[in-house]
Amino acid sequence: MAEMGSKGVTAGKIASNVQKKLTRAQEKVLQKLGKADETKDEQFEQCVQNFNKQLTEGTRLQKDLRTYLASVKAMHEASKKLNECLQEVYEPDWPGRDEANKIAENNDLLWLDYHQKLVDQALLTMDTYLGQFPDIKSRIAKRGRKLVDYDSARHHYESLQTAKKKDEAKIAKAEEELIKAQKVFEEMNVDLQEELPSLWNSRVGFYVNTFQSIAGLEENFHKEMSKLNQNLNDVLVGLEKQNGSNTFTVKAQPSENAPAKGNSPSPPPDGSPAATPEIRVNHEPEPATTPGAALPKSPSQSSLPAVVVETFSATVNGTVEGSSGPGRLDLPPGFMFKVQAQHDYTATDTDELQLKAGDVVLVIPFQNPEEQDEGWLMGVKESDWNQHKELEKCRGVFPENFTERVQ
C-alpha cells in the first residue's frame, strides 16, 4: 500500500506539472495575440540584459585567458627545448658549463611558476566568478515562469468576478490561488532585483583585479627572465673571450640547381688557427661583371645562406610551399598550408573545429580578416574536405598552438 501511495503522489505531481505547462502555454498564446495583458517590469528587463551581457563578456574573457595560458605553456616547452639544445652542444671543457646548466634549470622553474600563478590568481578566480551565473540564470527563467502563473491566476480571478453568473466558491478559490501565485513570484522577484544590480556592479572590480594580477605576474616574470638572460649572456661572453683569437667564416652554399663555383677548400688541420674560429657571416655581394645597370643576381650566385637562397628561388619560380596554383585543384580555395593537431581540442562554440591529435587541417584565410583573433586560424579538416568539398559546412576556427605545421 505504501508503494501505491508513493506512486499515487508521483503521478499527482506529474499531472500537476503537466497542467501548469498547459496553463502557461495558453497564457503566453493569449498574451501574444493581445487578448491578455502581460505584467511588465522595464527595470528588471534592463537588469536581465545587463546580466546576459556580463555573462557573454565573462565567457569570452575565460576563453581568451585559457588561450593565453596555452600559449604560455607552449612557450615554456619551446624555451625548454632550446635550453636542452644549448646543454647538449656545450662541451664539458668549455668554461661556464655548470652556470649554463643552472640557468637552464632556473629558466624552467620560472616558466612553471609563472604558469601556476596565472592559474591560481587569474583562471581559478575567473572560474569562480563565472560559477555564480548558471544558478542566477536558472532563477531568472523560473521567475519568468512564475510571472506567467501569476498573470494566469489574475486573469482567471478577474474573469470569474466579471461573469454574469457568479460562483462565490470558485471566486474564493481563484483568489486564494492568485494570492499564492503572487507571493511566490514576488519572493523570487525581490531577491533578483537586489542581486542582479549588485552582480552587474561587481564586474568592474573583478576586471580590475584580474588584469592587474596578469599584468603584475607578467611584469615580474619578465624581470626575472631578463636577469637569467643577462647571466646566460655573461657566460657566453666568457666562452667567446676564451676563443676570441679564432675566426670562422660562414660561406654561402650553392643551391642544388646552381653550377659549382670551383672546388671547395679542404678543411684546416686540427690545431690550426681556423679549427675553432669565430663565426663571421659575409654579407657583401659580388661586383657586377657588366657595365651599366646590372640585373639582380641569382641567389645561388650570391653569398646568402642556403636557406635564404632556397626560399628566394622558390618564390621566383612560383613554387612557394602552400600556394594554391595549378595542380592543386583538390584543395580548398585560398589554401595556404597544412597543420596537424598535436593535442585534442574540444570546441566551445559552433564556429570552432573539434580536433583530435593527429587530425590534419587545411588552413585557409578568413573571409573578413578583422574577425581573426590572435592565436586562431581558419581551416577545414582534410578528412571533411575530401568527403564533402563544401567549405560552408566544414570550415571553422581553431587555436594555432594546438597544432604544428606540416606542409
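# A guided tour of the predicted model

Among contacts in the chain between residues at least 6 apart in sequence, 70% join residues at least 24 apart. The model on display is a predicted one. With the whole chain selected, 8 helices and 7 strands can be coloured. Of the 407 residues in the chain, buried residues account for 29%.

## First stop: helices α4 and α5

Select residues 133–161, which form helix α4, together with residues 168–242, which form helix α5. Two packed helices are described by the angle between their axes and the distance between the axes. For this pair, the angle is about 150° and the axes lie 8 Å apart. Angles over 145 degrees count as roughly antiparallel, and α4 and α5 are therefore roughly antiparallel to each other. The crossing in which α4 passes α5 is left-handed. Colouring the contact of α4 with α5 by residue class shows 18 nonpolar, 4 polar and 11 charged residues.

## Second stop: helices α2 and α5

Keep α5 selected and add helix α2, residues 42–89. How do the axes of α2 and α5 cross, and within what distance do they come? They cross at roughly 15° and come within 10 Å. That angle makes α2 roughly parallel to α5. The α2 and α5 crossing is left-handed. In the contact of α2 with α5, the classes number 18 nonpolar, 6 polar and 4 charged residues.

Within α2, select Gln 54. Is Gln 54 buried or exposed? Its relative accessibility is 1%, so Gln 54 counts as buried. To display its surroundings, leave aside neighbours within four places in sequence and show Tyr 129, Phe 133, Leu 199, Trp 200, Ser 202, Arg 203 and Tyr 207, with which Gln 54 is in contact. Phe 133 belongs to the residue range of α4, and the ranges of α4 and α5 are those selected at the first stop.

## Third stop: two asparagines on α5

Move along helix α5 to Asn 231. With a relative accessible area of 40%, Asn 231 is partly exposed. Draw a C-alpha to C-alpha distance from Asn 231 to Glu 99: the two are 8.5 Å apart in space, although 132 residues apart in sequence.

Asn 233 also lies in helix α5. Its relative accessible area is 39%, and Asn 233 is therefore partly exposed. Here the partner to select is Ala 100, which is 133 residues from Asn 233 in sequence and 9.6 Å from it in space, C-alpha to C-alpha.

## Fourth stop: Lys 338 in strand β3

Select strand β3, residues 337–341, and pick out Lys 338. Lys 338 counts as buried because its relative accessibility is 14%, and the cut-off for buried is under 20%. Which side chain makes a polar contact with that of Lys 338? It is the side chain of Glu 382, at 2.8 Å.

Now show the contacts of Lys 338, apart from neighbours within four places in sequence: Val 360, Val 361, Leu 362, Glu 382, Arg 405, Val 406 and Gln 407. A C-alpha to C-alpha distance can be drawn for one of these, Val 360, which is 6.8 Å from Lys 338 in space and 22 residues away in sequence.

## Fifth stop: Lys 381 in strand β5

Next, select strand β5, residues 376–381, in which Lys 381 is found. With a relative accessibility of 17%, Lys 381 counts as buried. A polar atom of the Lys 381 side chain lies 3.0 Å from the backbone oxygen of Gln 354. Not counting residues up to four places away in sequence, Lys 381 touches Leu 353, Gln 354, Leu 355, Asp 359, Val 360 and Val 361. Val 360 and Val 361 thus appear here among the contacts of Lys 381 and also among those of Lys 338.

## Last stop: Lys 389

Finish in the loop between α7 (382–388) and α8 (391–394), where Lys 389 is placed. What should be inspected in the backbone of Lys 389? Its phi is near 60°, a positive value in a residue other than glycine. Most residues other than glycine have a negative phi. As for exposure, Lys 389 has a relative accessibility of 42% and therefore counts as partly exposed.

Methods. Residues numbered from 1 in each chain as written. Predicted model: local features only at pLDDT ≥ 70, side-chain atom pairs only at ≥ 80, totals over all residues. Heavy atoms only, no water. Axes fitted to C-alpha atoms, helices over the stretch in contact; angles between N-to-C directions. Helix = DSSP H or I, 4+ residues; strand = E, 2+ residues; numbered from the N terminus. Parallel < 35°, antiparallel > 145°, perpendicular 65-115°, else oblique. Left-handed = near helix turned anticlockwise from the far one by under 90°. Nonpolar A, V, L, I, M, F, W, Y, C, P; charged D, E, K, R; others polar. Buried < 20%, exposed > 50% of the residue type's maximum accessible area, 1.4 Å probe, protein only. Polar contact = N/O pair within 3.5 Å; in protein donor to acceptor, adjacent residues only side chain to side chain. Contact = heavy atoms within 4.5 Å.
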